Amino acid sequence: MVVVIPAFQAAATLGGVVSRTRATLPGASIVVVNDGSTDGSYADLADTLLTHEQNLGKGAALRRGIVAAVTQEAAIVVTLDADGQHRPEEIPRLIRPIVDTRADLVLGARDRNGPMPIPRRFTNWLSARLATRIGGQRVPDAQTGFRAFTRAVAEQVQPVGERYEYEANFLLDALRAGFRVASVEVPTIYDHGARSHFRLWSDTWRMARAFARHAGRIVAGAA
């Protein structure tokens with residue numbers, strides 16, 4: 001198993017995320033992608049440290065980390081954020097549907113009634129409804145970055161996008177390809193003290209374009 005952690009300006013939280021991941025999954029390989037951070041080198045934190053000289057975006061960091069996981073012949077790839085929003089202790093629950101029910105992609109679904117900012121609640125609800133419509137499978141949280149998926153998904157799903165829209169495209173492309181998607185409810189954490197790098201207008205626009213690529217299925221529904 002390989003855990004991929006994209007990191008940008010996350011020196012205050014990354015060490016704790018990595019150490020908790022190691023404690024939860026002692027045998028896993030941890031890949032950290034330093035996406036042009038200026039707050040530290042992140043050296044000695046991961047089994048594999050990949051560094052971008054400048055910030056390229058979360059999507060670019062995830063893409064590079066997933067390629068590294070495939071190169072390491074990971075049977076299962078897990079992605080989680082470096083800012084503490086995702087609890088590494090939940091990873092065993094996240095991968096269980098892959099092992100028990102042969103799911104291909106598992107989403108860590110957050111509770112929108114939890115401590116989620118109101119604007120994010122609306123976009124989360126809307127994107128979940130649209131993803132469900134496009135894929136013909138129930139998707140309670142289309143924006144979560146806390147995911148587990150098989151090597152087949154990692155190899156076959158090659159979405160476009162350099163920033164947050166990459167995650168939306170990854171999910172939608174996996175749904176369109178017929179991969180089985182499951183969800184596991186995970187805690188909603190927004191009081192971790194890290195500043196979000198999501199840019200409300202530009203990144204929301206990119207997300208909207210990701211869904212617009214599937215306009216036909218939004219209107220007609222999945223075949």
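This tour moves through the structure one selection at a time, from the sheet to a central strand, then to a pair of helices and the core.

The model is predicted, so local features need pLDDT of at least 70 and side-chain atom pairs count only at pLDDT 80 or more, while totals for chains, interfaces and linings use all residues. Residues are numbered from 1 along each chain as its sequence is written, and side-chain values use heavy atoms, with hydrogens and water left out.

**The sheet.** Begin by selecting the strands, which are DSSP runs of E of at least two residues, just as helices are runs of H or I of at least four, both numbered from the N terminus. Seven strands form an open sheet of mixed pairing in the order β3-β2-β1-β4-β6-β5-β7, where two strands pair if DSSP finds at least two bridges between them. At the edges are β3 (48–52) and β7, each of which pairs on one side only.

**Strand β5.** Next select residues 105–110, which make up β5, and look at both of its neighbours. Six bridges join β5 to β7 (residues 181–186), and these two strands run parallel; here L105 has V181 as its bridge partner. Three bridges join β5 to β6 (residues 147–150), this time antiparallel, with R147 as the bridge partner of L107. All six of the six residues of β5 are buried, that is, under 20% relative accessible area with a 1.4 Å probe and protein chains only, against over 50% for exposed and partly exposed in between. L105, L107 and A109 lie on one side of the strand, and V106, G108 and R110 on the other.

**Helices α2 and α6.** Now select 58–71 for α2 and 165–176 for α6. K58, G59, L62, R63 and I66 of α2 meet Y166, E167 and F170 of α6, a contact being heavy atoms within 4.5 Å.

**The core.** Finally, select F149 and L171, which touch the most other members of the largest nonpolar core, a group of 31 residues. Such a core is a set of buried Ala, Val, Leu, Ile, Met, Phe, Trp, Tyr and Cys residues joined through side-chain atoms within 4.5 Å. Among the elements that each supply at least two residues of this core are β1 (2–7), β2 (29–35) and α4 (118–135). Leaving aside neighbours within four places in sequence, the contacts of F149 include I66, I98, L105 and F170. Apart from this core lies another, of 28 residues, among them V3, V17, A82 and A182.
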